[in-house]
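Subject: Structure handover and findings

Dear colleague,

Please find the sequence and the structure below. My notes on them follow, and I would be grateful if you read them with the structure open.

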Amino acid sequence: MDKRTTHFGYQEVPVEEKADRVAQVFHSVAARYDVMNDLMSFGVHRLWKRLTLERAGVRPGHHVLDIAGGTGDLALKFSRLVGPRGRVVLADINASMLRVGRDKLLDNGVGDNVEYVQANAETLPFADNSFDCITIAFGLRNVTDKDAALRSMARVLKPGGRLLVLEFSKPASAALSRLYDEYSFRVLPRMGEWVAQDGESYRYLAESIRMHPDQETLKAMMEDAGLERVEYTNMTGGVVALHRGIKL
Amino acid sequence: MPVMFTTLLASAETLINGLLKHDPASPSRLAQLAGQRVSLRLERPALAVLVHFDTHGITLLSQHDPDEADSDVVVELDAETLGALLGGERVEALMFAGRLSVRGRTHVLERASQLLSDLEIDWEAELAHWLGDMPAHSLSQGLRRLNRFGLRTRGELQRDVHEYLTEEARLLPSRTQWEIAREHLTQLGLATDRLEARLDRLVREIERRRQEEHAS
């Protein structure tokens, strides 16, 4: 791969173009993001996020950063767990997603302990050692330079803090993998076409999942970024994996 | 197993929060508990659940690496005691009966238990939301009468069955007979312990004398 290009699904695009292309995808799907997530995963994405919440070990008074927080599913729960003494920052590079997330949180009576920041995960605009916990759920694969993003997250994490990466991964069995491929490339784009009137964005989703590093590669990347005790948990047969690392 | 348990907890959380929303007294009770955490640790099966309270309701989380510092109070119990606790049994009664081990701020547990046991759902208001005031009121009155009838009938049935089994059929002992039998069994247990201690002492004495004879 040329140094000046990167993946956008199965396409090779100039590095500087990827962020804009990803932004277009999410501007397009933001309004129907939650509905589509429920439809595509049959509601199981809520369970994956709940397991992330359990592994986060967040306590009252903690400072939490939810990167690529999208429509605020995790931030909503975190805001209740950290309480009025704590702080939750919902960060997303995409203004449309951030707006949908902010509206959803306000509708749920959350306001005083949540901040909304439009930020690029590769260059997080926070001081070193600021957060007790950082989560990025289904966002890392859309980042242009994943290593830079992981280093940036490790930088703003407090010593003893945890980084949790919830992301699509590689199914453990070949049979499930074939079934998953059929579903991703045949059903998902059609579902996107019918519900969100945007089949292309959901084709990108399926392609970007295949181009994302597998469990062991991502674990090594997190270790390279300076995180320790990195471990991962496969969910739904490895379709999704939750990686957790600690900054010591 | 972890996914199944997490699904179960998610369902329980939704159910409990749904019920709390319909109790007019819940907001003030939740405000008192906001920010507090109770860790429930079941012995068999070995499970740990963190109950987090906030002004909106509760959050139930499975604890994968239980840590005492995560919660204000830690409760260790078995499945039967958990059932009794959820059924409205008082925390103190279970603690004094030795069925509940509690560490930390016990008043948090007491308040948490009251939140659930004193739940009074305003069904009439909820029905009125769907049916209108008058039909909801009539329906609620009917349901209340039915509930009172059910409670009265259950009480009478329990008393009649108890009377038949103890007094007429004589299949079960009366409370007094049961207490006397238990007292006798306790005395028998103590006497057996004493006898066992005496026998042990005699065995030791015989052993000592035998060793002395060998020595001389």
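**Residues with a positive phi in chain A**

A:N129 counts as partly exposed, because 14 other C-beta atoms lie within 10 Å of its own. Please keep in mind throughout that this is a predicted model. A:N129 sits in the loop that joins β5 (114-118) to β6 (131-137) of chain A. Its phi is positive, about 50°, although A:N129 is not a glycine.

A:T236 also has a positive phi, near 50°, and is a residue other than glycine. Its place is the loop between β8 and β9 of chain A. With 18 C-beta neighbours inside 10 Å, A:T236 is classed as partly exposed.

Two glycines belong to this topic as well. A:G83 comes just after helix α4(A) and has a positive phi of about 70°. A:G226 comes just after helix α9(A), with a positive phi of about 105°.

**Helix α9 of chain A**

Which residues of α9(A) are buried? In this helix, which runs over residues 215-224, they are A:L218, A:K219, A:M221 and A:M222. These residues lie on the same side of α9(A), because they cover an arc of only 160° around the axis. A:E216 and A:A220, on the other side of α9(A), are exposed. A general point helps in reading such a pattern. An α-helix has 3.6 residues a turn, so residues three or four places apart point the same way.

What covers the buried residues of α9(A)? The cover includes helix α6 (146-156) and the strands β7 (157-168), β8 (228-235) and β9 (240-246), which belong to chain A.

A:M221 is a useful residue to inspect in α9 of chain A. A:M221 is buried because it has 21 other C-beta atoms within 10 Å, and the cut-off for a buried residue is 20 or more. Leaving aside residues up to four places away in sequence, A:M221 touches A:K146, A:D147, A:L150 and A:P213. A:M221 and A:F168 are 53 residues apart along the chain, and their C-alpha atoms are separated by 16 Å.

**Helix α4 of chain A**

How many of the residues of helix α4 of chain A are buried? The count is 10 of the 10 in this helix (residues 73-82), so α4(A) is largely enclosed by the rest of the structure. The buried residues of α4(A) include A:D73, A:K77 and A:R80, and also A:L74, A:F78 and A:L81.

**Two packed helices in chain A**

Two packed helices are described by the angle between their axes and the distance between the axes. In chain A, helix α2 (residues 33-41) packs with helix α7 (residues 174-195) at an angle of about 145°, and their axes are 11 Å apart. The crossing of α2(A) with α7(A) is right-handed. On the side of α2(A), the contact is made by A:V35, A:M36, A:L39 and A:M40. On the side of α7(A), the residues are A:L188, A:M191, A:G192 and A:V195. By class, this contact between α2(A) and α7(A) has seven nonpolar residues, one polar residue and no charged residues.

**Chain B and its contact with chain A**

The mean pLDDT of chain B is 87, and 99% of its residues reach 70 or more. For the complex, the predictor gives an ipTM of 0.77 and a pTM of 0.74.

How many residues of chain B are in contact with chain A? There are 14, and they are in contact with 14 residues of chain A. In chain B, α1 (2-21), β2 (47-54) and β3 (57-62) each supply at least two residues of the side that touches chain A. α1(B) gives the most to that side, with four residues. The residues of this side of chain B divide into four nonpolar, eight polar and two charged.

**Two exposed residues in chain B**

B:Q32 is part of helix α2 (residues 26-33) of chain B. B:Q32 is exposed because 12 other C-beta atoms lie within 10 Å. B:Q32 and B:F53 are 21 residues apart along the chain, and their C-alpha atoms are separated by 9.3 Å.

B:R208 is found in helix α8 (residues 175-215) of chain B. With 10 C-beta neighbours inside 10 Å, B:R208 counts as exposed. From C-alpha to C-alpha, B:R208 and B:R182 are 39 Å apart in space, and their positions lie 26 residues apart in sequence numbering.

Yours sincerely

Key. Residues numbered from 1 in each chain as written. Chains lettered and ligands numbered in written order. Predicted model: local features only at pLDDT ≥ 70, side-chain atom pairs only at ≥ 80, totals over all residues. Arc of directions from axis to C-beta. Contact = placed C-beta atoms within 7 Å. Axes fitted to C-alpha atoms, helices over the stretch in contact; angles between N-to-C directions. Left-handed = near helix turned anticlockwise from the far one by under 90°. Nonpolar A, V, L, I, M, F, W, Y, C, P; charged D, E, K, R; others polar. pLDDT = per-residue confidence, 0-100.
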